[in-house]
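Q: Please take a close look at the aromatic pairing in this model, and set it in the context of the packing around it. I would like the cut-offs to be stated along the way.

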Amino acid sequence: MDLLTRVRDFASVALVSNGTTRLEQDLARQGLDSLAHTVVNTARIGVAKPDPRVYRIAAERVGATAERCLFIDDTEANVTAARDAGMAALHYRGLDEQRMTLAPLLNQ
């Protein structure tokens with residue numbers, strides 16, 4: 001949470017989830033509803049990752065082109081789909097790798 005909070009100071013953050021219609025309620029209950037600037041809940045948009053429309057919608061919601069987005073996910077197929085949609089993408093394997101990837105942004 002600390003890392004995402006720091007990233008929010010420099011970039012728009014979208015949570016993209018193949019969640020249920022309860023996702024937003026679950027985030028609020030856990031105090032996580034302000035972690036991202038926007039939530040792209042595939043249960044609400046009618047398509048799920050790795051459909052390319054999910055990545056376009058996420059980019060639109062943060063007001064960026066796909067080329068200006070970094071997508072991080074723990075599922076390789078979703079990472080590949082984000083790259084195919086024009087995004088930079090990172091296959092999440094651990095917090096240390098994510099910190100290293102985001103360090104240039106955070107050390108401005």
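A: What follows starts from the aromatic pair and moves outward to the core, the strands and the whole chain.

The model is predicted, and local features therefore need pLDDT of at least 70 and side-chain atom pairs pLDDT 80 or more, whereas totals for chains, interfaces and linings use all residues. Residues are numbered from 1 along each chain as its sequence is written, and side-chain values use heavy atoms, with hydrogens and water left out.

A pair of aromatic rings is described by the distance of the centres and the angle of the planes. Rings of Phe, Tyr and Trp (for Trp, the six-membered ring) pair if their centres lie within 6.5 Å, and planes under 30 degrees apart count as stacked, over 60 as edge-to-face and the rest as tilted. By this rule the count comes to 1 aromatic pair, formed by Tyr55 and Phe71, which meet edge-to-face with 5.1 Å from centre to centre and 85 degrees between the planes. The pair links distant parts of the chain, since Tyr55 belongs to helix H4 (residues 52–62) and Phe71 to strand E3 (residues 70–73), 16 residues apart; helices (H or I, at least four residues) and strands (E, at least two) are DSSP runs numbered from the N terminus. Both Tyr55 and Phe71 are buried, where buried means under 20% relative accessible area, exposed over 50% and partly exposed in between, with a 1.4 Å probe and protein chains only.

Tyr55 and Phe71 are also among the residues that touch the most other members of the largest nonpolar core, which has 15 residues, and Val16, Ala82, Met87 and Ala89 share that description. A nonpolar core is a set of buried Ala, Val, Leu, Ile, Met, Phe, Trp, Tyr and Cys residues joined through side-chain atoms within 4.5 Å. H4 and helix H5 (76–84) each supply at least two residues of this core, and H4 gives the most, with 4 residues. Ala82 touches both rings of interest, Tyr55 and Phe71, as well as Met87 and Ala89, not counting residues up to four places away in sequence; contact means heavy atoms within 4.5 Å. Apart from this core lies another, of 6 residues, among them Val7, Ala36, Leu102 and Leu106.

Phe71 has a further neighbour in Leu90, whose contacts, leaving aside residues within four places in sequence, include Phe71, Ile72, Val79 and Thr101. Leu90 is found in strand E4 (residues 88–91), and at 10% relative accessibility Leu90 counts as buried.

Val16, another of the core residues named above, has Val40 in E2 as its bridge partner. Strand E1 (residues 14–17) and strand E2 (residues 38–41) pair in the parallel sense over 4 bridges, two strands being paired if DSSP finds at least two bridges between them.

Before H4, the loop between helix H3 (42–45) and H4 holds Pro50, and the peptide bond from Lys49 to Pro50 is cis, with omega near 15 degrees. Most peptide bonds are trans.

For the chain as a whole, there are 6 helices and 4 strands, and 32% of the 108 residues count as buried. The radius of gyration, taken over C-alpha atoms, is 13 Å, which agrees with the value near 13 Å for a compact globule of 108 residues; the globule rule is 2.2 Å times the number of residues to the power 0.38.
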